[in-house]
Amino acid sequence: MKKLLKYLKEYKLECVLAPLFKMLEASFELIVPLVVASLIDVGISNNNTGYIYRCVFIMILLGFVGLISSCTAQFFAAKAATGFSTNLRKDLFAHLMSLSFKEIDGIGTSTMITRMTSDVNQAQTGVNMFLRLFLRSPFVVFGAMIMAFSIDVKAAMIFVYVIIVLFFVVGFIMKTNIPMIKNVQKLLDRVMLLTRENLSGARVIRAFCREEDEIQDFYSSNNSLFLAQIKSGRVSGLMNPVTYVIVNIGIICLVYSGGLSVDRGILTQGQVIALYNYMSQILIELIKLANLIITLNKAVASADRVADVLDIKCSQDIISSDENKTDDSVVKFENVSLKYHDSSDDALENISFTVKKGQIVGIIGGTGSGKTSLVSLIPRFYDATEGKVSVFGKDVRSYTINELRDRIAVVMQKAVLFSGDISSNLRFGAGDISDDDINEAAKLAVATDVVDSKGGLTGKVEQNGRNFSGGQKQRLTIARALAKKADILILDDSASALDFATEKKLNKNIREIDNQVTFIVTQRASSILDADMIIVLDDGRIVGIGTSDELLKSCDVYKEIYYTQFEEAKHEK
């Protein structure tokens, strides 16, 4: 929690004023029992009506001023707490966006969502309650004890014993409860993961009739969360009844002791009533404090989870480079190997090739051969574990991320569109470009008919593009990349949902773009027949480089892929 206090720096004044006004309210509250004691001992005992009215007026005034102070305190506390959560959520989101794919893969989407929402909200509630009550409650407790001492020392010792016992009980419950709350939040992550997977994969689940299995899996995880919450709730639920029991025992002792003192003439009836009121105030404040501690336990546990994410450092540092370009290469791999952080085997091993300006490069291989891993190294989604990847003669690790990716346009395997309209989606990577440029990109991506069928560039795009077919989404994402007019275009199996005629038009249009290097990752040999260079991968290794004709003579893996897809060519051969 300490690491997150910096988000309150902008609200230092509010953080001071909120507890101050709360303590001002508490001060007026502490005066009330003395006024009641005076009303009984002087006004009622002497039947002094005027004095009684004055005491009642003073109590009303104290209550009104206390109300104003309380409302002011809550305003400042709410302002500081909401500002804290706003700044925290903004920095947390920015931090998550700055992490590499390696860190994001390790955290997990469901965990990130939980920490961005539930955990930040818990921390906000904790800050709000802390500013409102954490100083006020102890102030009232100790203030009531001091006021009790001013009335009678012997009776006030009961207050001391009660507070000491409560201190140890509350401390024990708090120490026991915090780990339980952290475990609850972890189980909440699991429930969030299952919910997200089931909602996004609802069609697949229904297609395989797995509804009952998924329901049982969710029930099991949800039940684990329920049991953990019950266990945590039982411990935190002890706080109020234990507090009530201890304080009420103190009240019984106080009333008994006070009654004896009144009989002996040591105390007046009004003083006993005042002591009783102070003990009642302590009871109320300790109940508030107990609830506050439960809330703070949750807030601290959630804040620690958020801080853990903020502590994750991006593994992609920028290195200095004094290299000068000595050749005409655009992309160059030199003995590159890649191993993912959770894997013992290399995803890529000893990859070397050079791509020059204007070339179209096809990357083909079986499932799991490392095609996507290879092109992911160019925009530095991942860093090579060995070797060097250069773009325009400069190590990709010496670029800033923005500088590097401004020169690269990527179309991922999964076509992703954002809610809005077609225009906002196609401008996503290119920024402020004209409608003519967007239409030109759509034409190159053979997506003009898609745009027209939705009413033009203002056509609505629903969440994740669910109002488009798979092929339509792929063409729009390709158009989005082409609108960027980057030096390097990476198409990562992004035409798998297109028919052969549309794909042929697309490849023809891409070839006509001047000076652009294009990487086409595919499992279709037909997609890369005219490529200037074809890289054939097998189990993370290059087993062939060349044109289609050259590979048909020299590469068995490529021949197997080619002839599997072109049976007629095999028979002619």
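Which residue in E10 is the bridge partner of glycine 362? It is isoleucine 520, and the pair belongs to a parallel pairing of strand E3 (residues 360–365) with strand E10 (residues 517–522) that extends over five bridges. The model described here is predicted, and the points below take up its two open sheets, a buried serine in a loop, and its two largest pockets in turn.

**The six-stranded sheet**

- Six strands make up an open sheet with mixed pairing, and their order across the sheet is E6-E9-E10-E3-E11-E12.
- The edges are taken by strand E6 (408–411) and strand E12 (541–546), each of which has a single partner strand, so that one side of each is left without a neighbour in the sheet.
- From one strand to the next, the twist in this sheet averages 15°.
- Helix H19 (residues 556–565) lies across E3, strand E11 (533–538) and E12, and it runs at about 100° to E11.

**Serine 527, in a loop beside the sheet strands in sequence**

- The loop between E10 and E11 contains serine 527, whose relative accessible area of 6% falls under the 20% limit, and it is therefore counted as buried.
- Leaving aside residues up to four places away in sequence, serine 527 touches Glu503, Asn507, Ile520 and Thr522; one of these, Ile520, is also the bridge partner of glycine 362.

**The four-stranded sheet**

- A further open sheet consists of four strands in the order E2-E1-E4-E5, and its pairing is antiparallel.
- Strand E2 (348–356) and strand E5 (394–395) stand at the edges with a single partner strand each, which means that one side of each has no neighbour in the sheet.
- Strand E1 (residues 329–338) pairs with E2 in the antiparallel sense over six bridges, and five bridges join E1 to strand E4 (residues 386–391), again running antiparallel.
- Valine 331 of the E1 segment stands opposite valine 355 in E2 and also opposite valine 391 in E4, while phenylalanine 333 stands opposite phenylalanine 353 in E2.
- Because seven of the 10 residues of E1 are buried, this strand is largely enclosed by the rest of the structure.

**The largest pocket**

- The largest pocket has a volume of about 2,800 Å³, and 50 residues line it, with Met412, Lys414, Val416, Phe418 and Phe428 lying nearest its centre.
- Several elements each supply at least two residues of this lining, among them helix H2 (49–98), helix H4 (109–134), helix H6 (153–200), helix H16 (470–483) and strand E6.
- The largest share of the lining, five residues, comes from H4.
- Sorted by class, the lining of the largest pocket has 27 nonpolar, 13 polar and 10 charged residues.

**The second largest pocket**

- The second largest pocket has a volume of about 650 Å³, and of the 23 residues that line it, Phe130, Phe134, Leu289, Ile293 and Leu296 are the closest to its centre.
- Two or more residues of this lining are given by each of H4, helix H5 (136–151), H6 and helix H10 (269–310).
- The lining of the second largest pocket divides into 21 nonpolar residues, two polar residues and no charged ones.

Definitions and conventions: Residues are numbered from 1 along each chain as its sequence is written. This is a predicted model: local features need pLDDT of at least 70, side-chain atom pairs count only at pLDDT 80 or more; totals for chains, interfaces and linings use all residues. Side-chain values use heavy atoms; hydrogens and water are left out. Two strands pair if DSSP finds at least two bridges between them. Axes are lines fitted to C-alpha atoms, for helices over the stretch in contact, and angles run from 0 to 180 degrees between N-to-C directions. Contact means heavy atoms within 4.5 Å. Buried means under 20% relative accessible area, exposed over 50%, partly exposed in between (1.4 Å probe, protein chains only). On a 1 Å grid over the protein atoms alone, a cavity is a set of points where a 1.4 Å probe fits but cannot get out, and a pocket is an open set with protein on both sides within 12 Å along at least five of seven lines; lining residues have an atom within 4 Å of a point. Grid points are joined across faces, edges and corners, and a volume is the space filled by probe spheres set on the points. Ala, Val, Leu, Ile, Met, Phe, Trp, Tyr, Cys and Pro count as nonpolar, Asp, Glu, Lys and Arg as charged, and the others, Gly among them, as polar.
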